[in-house]
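Let's take a walk through this one together, from the outside to the inside and back again. Have the viewer open and click along as the residues come up.

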Amino acid sequence: MNQVYTGYKNSPLSKVLFILSIITLGFWVISKIIDIYRSAVIGAIFEALWLLMVMALFILPVISIIFLIREKVNFRSLHLYTAIISIVTILLLIFLKLY
């Protein structure tokens, strides 16, 4: 009754990249919804983090697509979903005008 599971296993790096893409999406959506500069503390935190988030916004999809190609485009890979979330975030920033 010993069965060996030979399914796909995501690497720790793919999990970290996926979590970073979700954090980046959350950061930009919150920055579009909330008036950041109403509070000085929130504005200072935003200003301290925005450069890191811009870099993550454009670096994460490139890294995830590179790893996805190395894995021969596996649909169970988190790299695919990281790229999709990052591209959706970029499109939201381009087309979402809330205020």
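**A walk through the model**

Start at Lys72, which is exposed, with a relative accessible area of 72%. Keep in mind as you look that this is a predicted model. You'll find Lys72 in the loop that runs between helix 2 and helix 3. Its backbone deserves a glance too: phi of Lys72 is near 60°, a positive value in a residue other than glycine. Now step along to Val73, which is in the loop between helix 2 and helix 3 as well. Val73 isn't a glycine either, yet its phi is positive, at about 45°. As for the surface, Val73 counts as partly exposed, because its relative accessible area is 46%, and the partly exposed class covers what lies between under 20% and over 50%.

From the loop, head inside. Which residues make up the largest nonpolar core? There are six of them: Phe27, Trp28, Ile36, Phe46, Met53 and Leu57. Two elements, helix 1 (12-33) and helix 2 (40-70), each give two or more residues to this core. The largest share comes from helix 2, with three residues.

Pick out Ile36 from that group and look around it. Setting aside neighbours within four places in sequence, Ile36 is in contact with Ser31, Ile42, Gly43 and Phe46. Phe46 is itself a member of the largest nonpolar core.

Ile36 and Phe46 also turn up in the lining of the largest pocket. That pocket has a volume of about 170 Å³. The other residues along its lining are Phe27, Ile30, Ser31, Ile34, Ile42, Ile45 and Leu49. Helix 1 and helix 2 each supply at least two of the lining residues, and helix 2 gives the most, with four. What about the chemistry of the lining? Eight of its residues are nonpolar, one is polar and none is charged.

Next, go over to helix 3 (residues 78-95) and find Thr89. Is Thr89 buried or exposed? Thr89 is buried, because its relative accessible area is just 2%, and buried means under 20%. So where does its polar side chain find a partner? A polar atom of the Thr89 side chain lies 2.7 Å from the backbone oxygen of Ile85. Beyond neighbours within four places in sequence, Thr89 is in contact with Thr24, Leu25, Trp28 and Leu57. Two of those names should ring a bell, since Trp28 and Leu57 belong to the largest nonpolar core.Thr89 also helps to line an enclosed space. A search of the whole structure finds one cavity of 30 Å³ or more. The largest cavity has a volume of about 40 Å³. Its lining is made of Trp28, Val29, Lys32, Thr89, Leu92, Leu93 and Leu96. Helix 1 and helix 3 are the elements that give two or more residues to this lining. Sorted by type, the residues around the largest cavity are five nonpolar, one polar and one charged. Trp28 is worth a second click here: it lines the largest cavity, and it is a member of the largest nonpolar core.

Now move along helix 1 to Ser14. Ser14 is buried, because its relative accessible area is 1% and the cut-off for buried is under 20%. Which residues does Ser14 touch, leaving aside neighbours within four places in sequence? Its contacts are Leu78, His79 and Thr82.

Thr82 makes a handy marker for the last stop. Val41 and Thr82 are 41 residues apart in sequence, and their C-alpha atoms are 30 Å apart in space. Val41 has its place in helix 2. With a relative accessibility of 57%, Val41 counts as exposed, because exposed means over 50%. That brings the walk back to the outside, where Lys72 is exposed too, at 72%.

Definitions and conventions. Residues numbered from 1 in each chain as written. Predicted model: local features only at pLDDT ≥ 70, side-chain atom pairs only at ≥ 80, totals over all residues. Heavy atoms only, no water. Core = buried A, V, L, I, M, F, W, Y, C linked by side-chain atoms within 4.5 Å. Buried < 20%, exposed > 50% of the residue type's maximum accessible area, 1.4 Å probe, protein only. Contact = heavy atoms within 4.5 Å. 1 Å grid on protein atoms, 1.4 Å probe; cavity = no way out; pocket = protein on both sides within 12 Å on 5 of 7 lines; lining within 4 Å. Points joined across faces, edges and corners; volume = space filled by probe spheres on them. Nonpolar A, V, L, I, M, F, W, Y, C, P; charged D, E, K, R; others polar. Polar contact = N/O pair within 3.5 Å; in protein donor to acceptor, adjacent residues only side chain to side chain.
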